[in-house]
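Student: I've got a chain open in the viewer and I'd like to talk it through. Could you take my questions one at a time?

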Amino acid sequence: MKLRHLTTSIMAIGLFFMVACKSKPKDSEIMTTVSTAVQSTPGVTANVKEGVVTLSGTVSTEEEKTSAEKAAKSVKDVKSVVNNITVTPPPPPAPVAVTADDSLKTAVADVVKDFPGVKVDVKDGVLTVTGEEKADRWKTLKMALDALHPKKVDAKGLKVK
């Protein structure tokens with residue numbers, strides 16, 4: 001009976017040592033697996049210390065950052081993930097070129113809307129008037145166009161009735 005207890009005790013102790021001596025996963029093994037998992041996200045690198053993965057690098061979107069973190073967390077034996085990846089802000093929009101003619105065109109359109117038989121083109125600050133208009137209405141139109149301070153008002157194409 002004592003022999004049976006002794007044998008059982010020795011087997012239990014042996015089993016305990018086998019479980020206790022089971023090797024922990026090496027950081028280098030985890031590193032290899034994590035590197036493979038995050039390789040689909042360019043610009044991201046990983047370091048592993050005691051099972052903790054630290055991600056670093058630069059990506060262009062928040063989705064890429066999140067994807068790399070999820071990939072690292074999915075690796076077996078990873079205890080936690082520190083995500084130090086930065087997201088590059090998008091470039092500023094290209095400036096819109098506004099010419100002096102743009103504001104003049106807008107002002108001319110406001111003036112000409114009351115003169116349906118007249119068309120005015122704006123180029124390099126010169127107003128070219130075409131169409132037909134009565135003499136008294138032409139004077140009113142001419143004063144309104146001059147008030148916009150163009151370089152010149154060219155009315156050669158206008159027929160005055």
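What follows is a set of questions and answers on this predicted model.

Student: Let's start wide. How many helices and strands does the chain have?
Tutor: Going from the N terminus, the elements run α-α-β-β-α-β-α-β-β-α-β. Totted up, that comes to 5 helices and 6 strands.

Student: What share of the residues is buried?
Tutor: The cut-off to keep in mind is under 20% relative accessible area. The chain has 161 residues, and the buried share of them is 24%.

Student: And how much of the exposed area do carbon and sulfur atoms supply?
Tutor: The chain exposes about 11600 Å². Of that area, the part from carbon and sulfur is 60%.

Student: On to the open sheet with 3 strands. Which strands are at its edges?
Tutor: The order is S1-S2-S3, and the pairing is mixed. An edge strand pairs on one side only, and that picks out S1 (44-49) and S3.

Student: How do S1 and S2 run relative to each other, parallel or antiparallel?
Tutor: S2 covers residues 52-59, and 6 bridges join it to S1. Val-48 stands opposite Val-53 in S2, and Lys-49 has Val-52 as its bridge partner there. The direction of the pair is antiparallel.

Student: Which residue in the hairpin of S1 and S2 takes a positive phi?
Tutor: There are 2 residues between the strands of this hairpin. Most residues other than glycine have a negative phi. Here a phi near 55° belongs to Glu-50.

Student: Which side chains of S1 point to the buried face?
Tutor: The side chains alternate along S1. Thr-45, Asn-47 and Lys-49 point to one face and are not buried. On the other face, the buried ones are Val-44, Ala-46 and Val-48.

Student: What angle does H3 make with S3?
Tutor: Two helices come up around this sheet. H2 (residues 27-38) packs on it, touching S1 and S2, at about 160° to S1. H3 lies across S1, S2 and S3, and its angle to S3 is about 160°.

Student: Thr-41 is in a loop, so is it buried or exposed?
Tutor: That loop runs between H2 and S1. Leaving out residues up to four places away in sequence, Thr-41 touches Val-59, Glu-64, Ser-67 and Ala-68. Its relative accessible area is 6%, and because the cut-off is under 20%, Thr-41 counts as buried.

Student: How far apart are the C-alpha atoms of Thr-66 and Asn-83?
Tutor: Thr-66 is found in helix H3, and at 33% relative accessibility it counts as partly exposed. Asn-83 is 17 residues away along the chain, and the C-alpha separation is 8.8 Å.

Student: Where is Asp-77, and what is its phi?
Tutor: Asp-77 is in the loop between helix H3 (62-73) and strand S3 (80-87). Asp-77 is partly exposed, with a relative accessible area of 39%. Although not a glycine, Asp-77 has a positive phi of about 75°.

Student: Last one: is His-149 buried or exposed?
Tutor: His-149 is in the loop between helix H5 (135-146) and strand S6 (152-160). His-149 also has a positive phi, about 60°, without being a glycine. With a relative accessibility of 70%, His-149 counts as exposed.

Terms used. Residues numbered from 1 in each chain as written. Predicted model: local features only at pLDDT ≥ 70, side-chain atom pairs only at ≥ 80, totals over all residues. Heavy atoms only, no water. Helix = DSSP H or I, 4+ residues; strand = E, 2+ residues; numbered from the N terminus. Buried < 20%, exposed > 50% of the residue type's maximum accessible area, 1.4 Å probe, protein only. Pairing = 2+ DSSP bridges. Contact = heavy atoms within 4.5 Å. Axes fitted to C-alpha atoms, helices over the stretch in contact; angles between N-to-C directions. Areas by Shrake-Rupley, 256 points an atom, 1.4 Å probe, with all protein chains shown as cover.
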